[in-house]
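I opened this model to look up a few things in turn. My notes follow in the order I took them.

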Amino acid sequence: MTTSQTTHLIRGARPLGGAAADVAVVDGLVAAVGDGAAAAAGEGAHVVEADGLILLPGLVDLHTHLREPGREDSETVASGTRAAARGGYTAVHAMANTFPVADTAGVVEQVKRLGDEAGHCDVHPVGAVTVGLEGKQLAELGAMADSAARVRVFSDDGKCVDDALIMRRALEYVKAFDGVVAQHAQEPRLTTAAQMNEGTVSGELGLAGWPAVAEEAIIARDVLLAAHVGSRLHVCHVSTAGSVELIRWAKSNGWDVTAEVTPHHLLLTDELVRSYDPVYKVNPPLRTARDVEALRAGLADGTIDAVATDHAPHPAEDKECEWAVAAMGMVGLETALSIVQHAMVDTGLLDWAGVADRMSFRPARIGRLDGQGRPIAPGEPANLTLLDPAYRGTVEPSGFASRSRNTPYRGMELPGRVVATFLRGRPTVLDGSIA
Amino acid sequence: MKRHLISAADLSVEDAILILDTAEEMSQVASRPIKKLPTLRGRTVVNLFFEDSTRTRTSFELAAKRLSADVINFSAKGSSVSKGESLKDTALTLQAMGADAVVIRHSASGAPHRLAHSGWIHGSVLNAGDGTHEHPTQALLDAFTMRRRLAGAPDGGPVPHGEAGDGTGRDLAGRRVAIVGDVLHSRVVRSNVHLLTTLGAEVTLVAPPTLLPIGVESWPCRVSYDLDEVLPKSDAVMMLRVQRERMNAAFFPTEREYSRRYGLNAERVARLPEHAIVMHPGPMNRGMEITAEVADSARSTIVEQVTNGVSVRMAALYLLLGGADLAASDSGR
Ligand SMILES: [Zn+2]
């Protein structure tokens, strides 16, 4: 009971931002919280001094691009999950738009196995909804659900399942194994050649616009479809005020609809595109200050269930070019918690219990994960993140664990730092470094 | 003057008038037997064209050569898309060659901005048209043409059709300009709205709603869907090229309907005030946005615009490259 390898005493941390308490971690479980924790850990325990630090349940990302197989020059399962651990994550959902596409049991099992071997965090592959993400024929969703990867989240992310009938069938079909369809809402005809949010800035810059209605029209259709067939729908990376309203309306009707927002959509606006720096080119695009405000309010009141990174690594050459040909996406795992603290906690919109809810409890439930997103209580798996909220530091991408550096926050001063991450009682990060 | 000319929005009224006045001086060079100044001798100007435009390239080339600069034409068409040779690599090459100015034409909006602000090159960057963003020297030549025609008389008023005045020192205060057609995809419009407004003109954009950008109501101009209503109140009407492929994307129903509602013909020209001029940045679709009769009439400044383009580009290169004092270099001849 006292071997230092498996026993840790986290001393003086504040679980979910509440009162300071000692937490004992023994054999992969939370053994005790508060009085008696020291005794439960015993004399030989490894002690983590955590005075003034926040203890959160290990973060769960619903939306990560790990790029393996196929684009290992951008990221691998090993490098991406190292970045995840550094960001305080103990589980990530790996999106299916790899090469080959994760549309069979074989590919999802391969990704899962690579995650297990790397050991930095749990990897839950997302299965493609349609073969090759082509939107035409359903992939073998059941085989992926029954595979060793136990897939529960299905998405053609990067592309929208725009055929209404295919979307309906997918929503119906996944009910058989309690799956969820995670939709990348983007009406393709309204966004042909789109380069940035359609609005006054796109008009001035002469970049083809990506109207909010292209996202909202699909969300409106999909919540109606989900209600009609009585299935679960998850909306990926919501980016507009109108989308928040639609999801609020769907929830008020009692429909089983959930949604996520990215950290960057909680902070950045399309005004930044005036620099023509492709580091700001992302899908969905950065929107207006009014949208940012609505997204923050939606996350605060629970309309939006989760913060998801949409971590999208790209090599430098795919961003060091003209805006029009640059790849879309930004890395996010290692800065997500800082951005959420900056945009939501330090602004008083969300407390740390709220952060735990939106970044761990709810995403784990949406993904139907066992053992992740659990309370910090005796007997629960010790998936934990220890955060120093008083830390202030300048973002320096060269220090990222991710293989890619396409962050919009270079040189920005941000609050918060992940001090330690525990995966089932084993530290994956200690003193801010990979353990 | 700034080091780069990326956007007409970057020009103050003083900058704009300085360029136009300098262009007036440059235009006198063109009427001499030896059309050349030694001003930029020893300087290297690169025409970096990622998109074909013989007209614009030739105009810049002629302007640089009249100032005695060394000119390199660097055609990089298609390379941005294939990524065979990236903008960055090209820029590093030009930097290594010692380019003092890079005149860049690119199908991607923002490419000149990126080139100027990336730190890849140290010379001046001149935007010769980027995507659907801007084309500042086109706006300058348009303004130059308007100033000569509409404010070129000794009293600052319009000159008779077919004559060119001298607008030196003047702006375009109170002049009313209608810009008609595919505003959405036009880099010429964005530059013209900025520059003409800076010079005091009132701009009205005329187009079907599908060819106006979202947010146009925040631009410093008026918007109308009705050409006939705007014409009697216009001192200049600038017709934009309409690309026939826009029809396939449902921007308007048919060519015939477009011409009927937004094309400029003799009947419509008759609604203009007596002194008003007709402009077109070229190349024209005769019979689509403008009839041949109107394009070739005495009111049309289309050929003059091309001539004026060389003077304006000489002025821009001269001022950006901080060439020797013009009077001094001139007297050296
Ligand atoms: Zn997506």
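**Entry 1: the salt bridge between chains**

Which residue of chain A forms a salt bridge with B:Lys88? I looked it up and found A:Glu320. The closest N and O atoms of this pair are 2.7 Å apart. I keep in mind that this is a predicted model. The count between chain A and chain B is 1 salt bridge.

**Entry 2: the rest of the A–B contact**

I went on to the contact as a whole. Chain A gives 21 residues, and chain B gives 21 residues. The two chains bury about 1700 Å² between them. Carbon and sulfur atoms account for 55% of that area. Which residues of chain A lose the most area to chain B? I noted A:Tyr276, A:Glu320 and A:Glu322. Together they make up 36% of what the chain A side buries. So A:Glu320 turns up twice in my notes: it is one of these residues, and it also forms the salt bridge with B:Lys88. For polar contacts between chain A and chain B, I recorded 9 residue pairs, with both residues at pLDDT 80 or more.

**Entry 3: two domains in chain A**

Next I checked the domain assignment of chain A. It gives domain 1 as 8–55 + 379–434 and domain 2 as 58–366. Domain 1 of chain A is thus written as two segments. How far apart do the C-alpha centres of the two domains lie? I noted 26 Å.

I then looked at how the domains of chain A meet. In this contact, 35 residues of domain 1 touch 47 residues of domain 2. The area buried between them is about 3100 Å². Carbon and sulfur atoms give 61% of it. A:Arg403, A:Asn406 and A:Tyr409 supply 21% of the area that domain 1 of chain A buries against domain 2 of chain A. No other three residues supply more.

**Entry 4: polar links across the domains**

How many salt bridges does the rule find across the interface of domain 1 and domain 2 of chain A? It finds 1. I also looked up the salt bridge of A:Arg424 and A:Asp122, whose side chains meet at 2.7 Å, N to O. Across the same domain interface of chain A I noted 22 residue pairs in polar contact, both residues at pLDDT 80 or more.

Which strands supply the domain 1 side? β16 (384–394), β17 (413–423) and β18 (426–430) of chain A each supply at least two residues of the side that touches domain 2 of chain A. The largest share, 7 residues, comes from β17(A).

**Entry 5: a sheet in chain A**

I traced an open sheet of 5 strands in chain A. The order is β9-β10-β13-β14-β15, and the pairing is parallel. Why is one side of β9 (153–154) and of β15 (306–307) of chain A left without a neighbour in the sheet? Both stand at the edges with a single partner strand each, so one side stays without a neighbour.

I followed one pairing more closely. β14 (residues 257–261) of chain A and β15(A) pair in the parallel sense over 2 bridges. The bridge partner of A:Val261 in β15(A) is A:Val307. Helix α7 (residues 212–229) of chain A lies across β10 (180–183), β13 (233–235) and β14 of chain A. This helix runs at about 165 degrees to β13(A).

**Entry 6: a sheet in chain B**

I turned to chain B and found an open sheet of 4 strands. The order is β2-β1-β3-β4, again with parallel pairing. β2 (70–75) and β4 (124–130) of chain B are the edge strands; each has a single partner, so one side of each has no neighbour in the sheet. Neighbouring strands of this sheet are turned by 15 degrees against each other on average, direction ignored.

β1 (residues 44–49) and β3 (residues 101–106) of chain B run parallel and are joined by 5 bridges. B:Asn47 has B:Val103 as its bridge partner in β3(B). Helix α2 (residues 54–66) of chain B packs on the sheet and touches β1, β2, β3 and β4 of chain B. Its direction makes about 180 degrees with that of β1(B).

**Entry 7: backbone oddments**

I ended with the backbone. The peptide bond from A:Asn283 to A:Pro284 is cis, with omega near -5 degrees. A:Pro284 lies in the loop between β14 and α9 (289–300) of chain A. In chain B, a cis peptide bond joins B:Gly282 and B:Pro283, with omega about -10 degrees. B:Pro283 is in the loop between β9 (277–279) and α11 (292–295) of chain B.

Notes: Residues are numbered from 1 along each chain as its sequence is written. Chains are lettered from A and ligands numbered from 1 in the order in which they are written. This is a predicted model: local features need pLDDT of at least 70, side-chain atom pairs count only at pLDDT 80 or more; totals for chains, interfaces and linings use all residues. Side-chain values use heavy atoms; hydrogens and water are left out. Two strands pair if DSSP finds at least two bridges between them. Contact means heavy atoms within 4.5 Å. Axes are lines fitted to C-alpha atoms, for helices over the stretch in contact, and angles run from 0 to 180 degrees between N-to-C directions. Domain bounds come from an automatic or database domain assignment. Buried area is the accessible area (1.4 Å probe) that two parts lose on being put together, summed over both. A salt bridge is a side-chain nitrogen of Lys or Arg within 4 Å of a carboxyl oxygen of Asp or Glu. A polar contact is a pair of N or O atoms within 3.5 Å; within protein, one must be able to donate a hydrogen and the other to accept it, and residues adjacent in sequence count only if both atoms are side-chain atoms.
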